[in-house]
Protein chains: 2
Amino acid sequence: MQKIRVAINGYGNLGRGAEACLAQFPDMELAAVFTRRKPADALKIKTAPVVHVNDAADWTDKIDVMLLCGGSAKDLPEQGPQFSRMFNTVDSFDTHSKIPEYMAKIDASAKKGGKIGIVSIGWDPGIFSLMRMYMGAIAPAGQTYSFWGEGVSQGHSDAARRVDGVIGAVQYTRPLVSAMERIRNGEMPALATREKHTREVFVVAAETADKARIEREIKNMPNYFDEYETSVNFISLEELHEKHSALPHGGNVIHTAKTGAGNMQTLEFSLKLNSNPEFTASVMLAYARAAYRLHKSGESGARTAFDIPPKLIAADAPDELVRNLL
Amino acid sequence: MQKIRVAINGYGNLGRGAEACLAQFPDMELAAVFTRRKPADALKIKTAPVVHVNDAADWTDKIDVMLLCGGSAKDLPEQGPQFSRMFNTVDSFDTHSKIPEYMAKIDASAKKGGKIGIVSIGWDPGIFSLMRMYMGAIAPAGQTYSFWGEGVSQGHSDAARRVDGVIGAVQYTRPLVSAMERIRNGEMPALATREKHTREVFVVAAETADKARIEREIKNMPNYFDEYETSVNFISLEELHEKHSALPHGGNVIHTAKTGAGNMQTLEFSLKLNSNPEFTASVMLAYARAAYRLHKSGESGARTAFDIPPKLIAADAPDELVRNLL
């Protein structure tokens, strides 16, 4: 059987995660890794050819699905529309407020190219989004709550690193267990931002830096920290590397609802991830199957997880799914 | 906007649950309740006309989707093929080993009638099946475990009631929390049946009955109890009615997997249901939307939850889902 030829575009945490996980998807093979670095082969990869992104057009016949592994802030708004015209794509675009606009662009370019572009795939957006949708559709007289953590937020770690005098920083998001318990017990509270999560930052400061100022600037940073109970801990560079190099994450989607005569029903989905990038990449790889299959059946345009029949991401044939999992 | 006209076929726990929950689905209305009782109007229902099943053919133009609320053992094998030719149907057929054969029959009859028949909808099979599929597709190097309870198993309660000298019985299935903890902690144990669940039966015995014999017969009953750690408690009829009339249930699907370099990832979905029939009925109502929409788009044949694009069960339009839930 012909394997699905997958390309990785962008070789950061996510791209490396995809490379590490691809062997677990036996119907796929890594066809190429695309990079912006010059020369491309400055990137040392043994498992597949490394290609400069500017040469992508030469690869349209050699790739079935391209995973866009760039960031949502700067890379994907440009790369998504560009590459979804040439390739079936899967991305993890996660700037929630801009998804409709991004999706419209992907839809236009993918349709022009006769390709499928699956957007915002990962665990949130992605699997958590699916859970929110299923839960709300099934038990409509209820409330859905999303909690994130405990885990490393790369966006917040980056924000702390931008503070003057900070050499290194890692930020952990933690859910407030007491809030989760209230919801599980059937309350449907209105929770302010600071009532759902806390943030803890581990900071390496320059020797001469004013730690009190750094702490103040982090805690008061708008959009990132000012609405949260934030704690700041100063540690050494050694400790940062030793204890805070992993990228764990996870979270919970909890839905409580009343059905019929007022019976409480509680639905919960949780993830505990020792590697956030590897898990996100694995979700993208599963949806690469759907991109491949939808394209083969003649469809084109942008899709989200809401659009994709679940069976299209499974390795097994539909009759096996029915026999073994239904 | 025209509401989806839903019919309930069978007025047991599940049918009554559907009636109780329908008001929470604002795009639906109850068009009729079908019953085998004679005369049909022996059934006192104020919310919709009551119709004898033999007159179903007169109602094909007045109903968009029929919920088949009969049992899997005797009702559905006959009613499914019969009604899926006349109506779009949703059922909760749950005899796992017979689903492929049942589905083939529904597929044939629904295609003949140009209708959609969605089979095996509820929480297991149904939502739990979906979770097993998504989890396995996303993190293939892992194991999925399903636990049920704590909750009332109607099949096991019925089985206990069939023992000579038993006047009433309710059976609770309980998951072994220690087994769940082992899985959550990253073990992937091979678990025997008795290592996953225990069973507890509350029995009302006839005054003259030999309780030791009843206990022995229940505990040794093949297929139902002999493979489990089972406890039997004798109580009064009053206590049975007072404390054991509710139908709670629930369970957990837990998947642990390793990705890439060996990073442990744990996915879990859980349900805690105060009313099993109302929840099952709610899932069926959500999938009635999908049956209606698929039929409207010209499709026909049998479908499972694996086949249905998630958005088709949601009340909101796809662009609202993207904006609010993705």
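A residue is buried with under 20% relative accessible area, exposed with over 50%, and partly exposed in between (1.4 Å probe, protein chains only). The model shown is predicted, so local features need pLDDT of at least 70 and side-chain atom pairs count only at pLDDT 80 or more, whereas totals for chains, interfaces and linings use all residues. Residues are numbered from 1 along each chain as its sequence is written, chains are lettered from A and ligands numbered from 1 in the order in which they are written, and side-chain values use heavy atoms, with hydrogens and water left out.

**View 1. A salt bridge within helix H5 of chain A joins A:Arg161 and A:Asp158.** A salt bridge is a side-chain nitrogen of Lys or Arg within 4 Å of a carboxyl oxygen of Asp or Glu, and the whole structure holds 38 of them over all chains. In this one, the closest N and O atoms of A:Arg161 and A:Asp158 are 2.5 Å apart. Helix H5 spans residues 154-161 of chain A, and because the two partners are 3 residues apart in this helix, about one helical turn separates them. Helices (H or I, at least four residues) and strands (E, at least two) are DSSP runs, numbered from the N terminus. A:Arg161 counts as partly exposed, at 36% relative accessibility. A:Asp158 also falls in the partly exposed class, at 35% relative accessibility.

**View 2. B:Arg174 and B:Glu150 form a salt bridge.** The closest N and O atoms of the pair lie 2.8 Å apart. B:Arg174 belongs to strand E9 (residues 166-175) of chain B, while B:Glu150 sits in the loop between strand E7 (142-148) and strand E8 (151-152) of chain B, so the salt bridge ties together parts that are 24 residues apart in sequence. B:Glu150 has a relative accessible area of 47% and is partly exposed.

**View 3. Helix H7 of chain B contains a salt bridge between B:Glu215 and B:Lys219.** The closest N and O atoms of these two residues are 2.9 Å apart. Both residues lie in helix H7 (residues 211-219) of chain B and are 4 residues apart, about one turn of the helix. B:Glu215 counts as partly exposed, at 25% relative accessibility, and B:Lys219 is partly exposed with a relative accessible area of 30%. Elsewhere, in chain A, salt bridges that share partners join A:Glu150, A:Arg174 and A:Glu200 into one network.

**View 4. Strand E4 of chain B pairs with strands E1 and E5.** Two strands pair if DSSP finds at least two bridges between them. Strand E1 (residues 4-9) of chain B runs parallel to E4(B), and 4 bridges join the two strands. On this side, B:Asn9 stands opposite B:Leu68 of E4(B). E4(B) and strand E5 (residues 88-91) of chain B also pair in the parallel sense, over 4 bridges. Here B:Leu68 has B:Asp91 of E5(B) as its bridge partner. In a regular strand, side chains alternate between the two faces of the sheet. In strand E4 (residues 65-68), B:Val65 and B:Leu67 point one way and B:Met66 and B:Leu68 the other way, and all are buried.

**View 5. A:Phe128 and A:Phe269 form an edge-to-face aromatic pair.** Rings of Phe, Tyr and Trp (its six-membered ring) pair if their centres lie within 6.5 Å; planes under 30 degrees apart count as stacked, over 60 as edge-to-face and the rest as tilted. A search of the whole structure finds 13 aromatic pairs over all chains. The ring centres of A:Phe128 and A:Phe269 are 6.1 Å apart and their planes stand at 85°, so this pair is edge-to-face. A:Phe128 lies in helix H4 (residues 127-138) of chain A and A:Phe269 in strand E13 (residues 263-273) of chain A, so that the pair links distant parts of the chain, 141 residues apart. A:Phe128 is buried, at 0% relative accessibility, and A:Phe269 is buried with a relative accessible area of 1%.

**View 6. B:Phe128 and B:Phe269 form an edge-to-face aromatic pair in chain B.** The distance is 6.1 Å centre to centre, with 85° between the planes. B:Phe128 lies in helix H4 (residues 127-138) and B:Phe269 in strand E13 (residues 263-273) of chain B, so the pair ties together parts 141 residues apart in sequence. B:Phe128 is buried, with a relative accessible area of 0%, and B:Phe269 counts as buried at 1% relative accessibility.

**View 7. Four strands of chain A form an open sheet with mixed pairing.** The strand order is E8-E9-E10-E11. Strand E8 (151-152) and strand E11 (229-234) are the edge strands, each pairing on one side only. Strand E9 (residues 166-175) and strand E10 (residues 197-205) of chain A pair in the antiparallel sense over 9 bridges. A:Gly168 has A:Val204 of E10(A) as its bridge partner.
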